[in-house]
Amino acid sequence: MIADDSALIREGLRLVLEEADHEVVGTVATGTELVARALELRPALIISDIRMPPTHTDEGLRAAQQIRAQWPQAPIVLLSQYVLVGYATELIESGVQSTGYLLKDRVFDIRAFLESIERVAAGGVAIDPDVIAQVISSRRRTPLDELTPREREVLELMGEGLTNAGISQRLYISGGAVEKHTQRLFAKLGLDEDAGVHRRVTAVLTLLAR
């Protein structure tokens with residue numbers, strides 16, 4: 001399902017998705033319509049602009065939160081023209097998985113965009129790297145500051161939703177090296193091995209939390 005007040009963007013996204021063999025079950029132009037239709041159809045993925053009528057501020061985010069209140073597992077990707085760190089954090093905190101926050105510019109890289117939204121539809125997380133960078137630069141000193149540059153890179157790529165294999169390919173290091181960096185950053189963030197905690201998601205939430 002696509003939600004955006006711009007007919008051009010709605011149809012553009014529809015074409016991109018249908019070219020990739022995805023079915024668009026509905027499009028809406030307001031947050032109110034989004035909540036009603038999403039809860040009715042329960043689509044495999046919701047893609048919504050943050051700013052929609054009537055105020056063009058945060059209607060998309062509020063709609064996402066209303067949907068999550070009744071459907072906690074709702075897979076949602078928010079699109080934004082600019083980095084809005086507070087909005088990203090609010091969305092992430094409303095559901096630990098099946099969440100995405102991407103800048104609209106990323107849509108032009110169709111392959112990366114499709115990989116990101118498919119990851120969210122499958123239950124993963126996809127956070128725009130520019131959002132992650134701004135969150136890091138705005139934080140007070142926390143356990144994140146204890147991470148080495150390489151551990152920080154690994155954590156940021158986790159935020160983009162990459163697996164250890166994907167991180168290995170991106171950083172041109174071995175899978176064993178990725179695993180060592182991952183275990184060290186978990187330890188520095190106080191994330192002990194616990195069957196009840198998804199450590200990768202929790203680490204990303206730690207990165208985004210204020």
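How far apart should the ends of α3 be at 1.5 Å a residue, and how far apart are its end C-alpha atoms?

1. The 12 residues of α3 should span 16 Å (1.5 Å times one less than the number of residues), and the end C-alpha atoms of α3 are 17 Å apart, which agrees. Bear in mind that this is a predicted model, where local features need pLDDT of at least 70, side-chain atom pairs count only at pLDDT 80 or more, and totals for chains, interfaces and linings use all residues. Residues are numbered from 1 along each chain as its sequence is written, and side-chain values use heavy atoms, with hydrogens and water left out.

2. Now the packing of α3. Helix α2 (residues 31-41) packs on helix α3 (residues 59-70) at an angle of about 25 degrees, axes 9 Å apart. That makes the pair roughly parallel (angles under 35 degrees). The crossing of α2 past α3 is right-handed (the near helix is turned clockwise from the far one by less than a right angle).

3. Who touches whom there? On α2 the contact (heavy atoms within 4.5 Å) uses G31, L34, V35, A38 and L39; on α3, E59, A63, Q66, I67 and Q70. These divide into six nonpolar, three polar and one charged.

4. Buried residues in α3 (under 20% relative accessible area, 1.4 Å probe, protein chains only) are E59, G60, L61, A63, A64, I67 and R68.

5. Another pair: helix α7 (residues 149-159) and helix α9 (residues 175-188) cross at roughly 90 degrees, with axes coming within 9 Å. So α7 is roughly perpendicular to α9 (65 to 115 degrees). R150, E151, V154, L155 and M158 of α7 meet H181, T182, R184, L185, F186 and K188 of α9: five nonpolar, two polar and four charged.

Technical notes: Axes fitted to C-alpha atoms, helices over the stretch in contact; angles between N-to-C directions. Helix = DSSP H or I, 4+ residues; strand = E, 2+ residues; numbered from the N terminus. Parallel < 35°, antiparallel > 145°, perpendicular 65-115°, else oblique. Nonpolar A, V, L, I, M, F, W, Y, C, P; charged D, E, K, R; others polar. Buried < 20%, exposed > 50% of the residue type's maximum accessible area, 1.4 Å probe, protein only.
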